[in-house]
Amino acid sequence: MTTLDDAQVAGALDRMYAASDDQFKKMREDGSRRFADLSKANAQERADALSDIYMPVTREAGRLLYSLVRATRPAVVVEFGMSFGLSALHLASAVRDNGTGRVFTTELSTTKIAAAKQTFAETGLDDVITVLEGDALETLGSVPGEVGFVLLDGWKELYLPVLKLIEPRLATGALLIADNTSMDDTQPYLDHVRDSANGYVSVNFLARDSDSMELSCRA
């Protein structure tokens, strides 16, 4: 049995995915424009305004993240954009089952940080997760060692700046997973990892009907 099958972990994932599904259903029915109305806000303002909104990877993407971390056995996993911690639970479950490694996850919203920390404690995964609170462009400088796995799922215009920050510490063979790459703001990042001169082998694939993920290997 994997950690994903543990009653506490599986229960937390089911609860949060159900809450997310219900939330987005209501937002679609209400014609919510909360995201559009924040088009001119900075990263902190957006994080605060959306502190109640789930923005998770899909269930299938979560299991893919788990499988990739199990297969690559990275010593250091970095996540940009924790939200309520759904993807971090998948990453940490893989680290726990590998018997080695640590997840460093970043978040701006104090509301989401408090909720995620409580979930991590309830699931017993808090001992393999470090939550970096605040601006990722500042906090990620404290991550020790070589980075073997990266999940980018925060504000899209920051994908490339975050990568540039940690790029000197990427291990050879490190995997980078970028979510929501159908969004225009991810284009600078995609241009960078798709240029073989920058040292990556990259592939794009559908993660849901209308969006995609980019998987890149530091070659």
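These notebook entries record what I looked up on the nonpolar cores and on one helix pair of this predicted model.

**Basis.** I number residues from 1 along each chain as its sequence is written. I accept local features at pLDDT of at least 70 and side-chain atom pairs at pLDDT 80 or more, while totals for chains, interfaces and linings use all residues, and side-chain values use heavy atoms without hydrogens or water.

**Cores.** I looked up the largest nonpolar core (buried Ala, Val, Leu, Ile, Met, Phe, Trp, Tyr and Cys residues joined through side-chain atoms within 4.5 Å; buried is under 20% relative accessible area, 1.4 Å probe, protein chains only). I find 38 residues in it, with Leu-91 and Phe-149 among those with the most contacts inside it. Elements giving two or more residues include helix 4 (86-98) and strand 5 (170-178); helices (H or I, at least four residues) and strands (E, at least two) are DSSP runs, numbered from the N terminus. Helix 4 gives the largest share, seven residues. I also note a second, separate core of 33 residues, which includes Leu-140 and Val-193.

**Leu-91.** Beyond four places in sequence, I find Leu-91 in contact (heavy atoms within 4.5 Å) with residues including Leu-65, Val-69 and Phe-149.

**Helix 3 and helix 4.** I find that their axes (lines fitted to C-alpha atoms over the stretch in contact, with angles from 0 to 180 degrees between N-to-C directions) come within 8 Å and cross at roughly 30°. Helix 3 and helix 4 are therefore roughly parallel (angles under 35 degrees). Among the residues that meet, I list Leu-65 and Val-69 in helix 3, and Leu-91 and Ala-94 in helix 4.

How values were computed: Buried < 20%, exposed > 50% of the residue type's maximum accessible area, 1.4 Å probe, protein only. Parallel < 35°, antiparallel > 145°, perpendicular 65-115°, else oblique.
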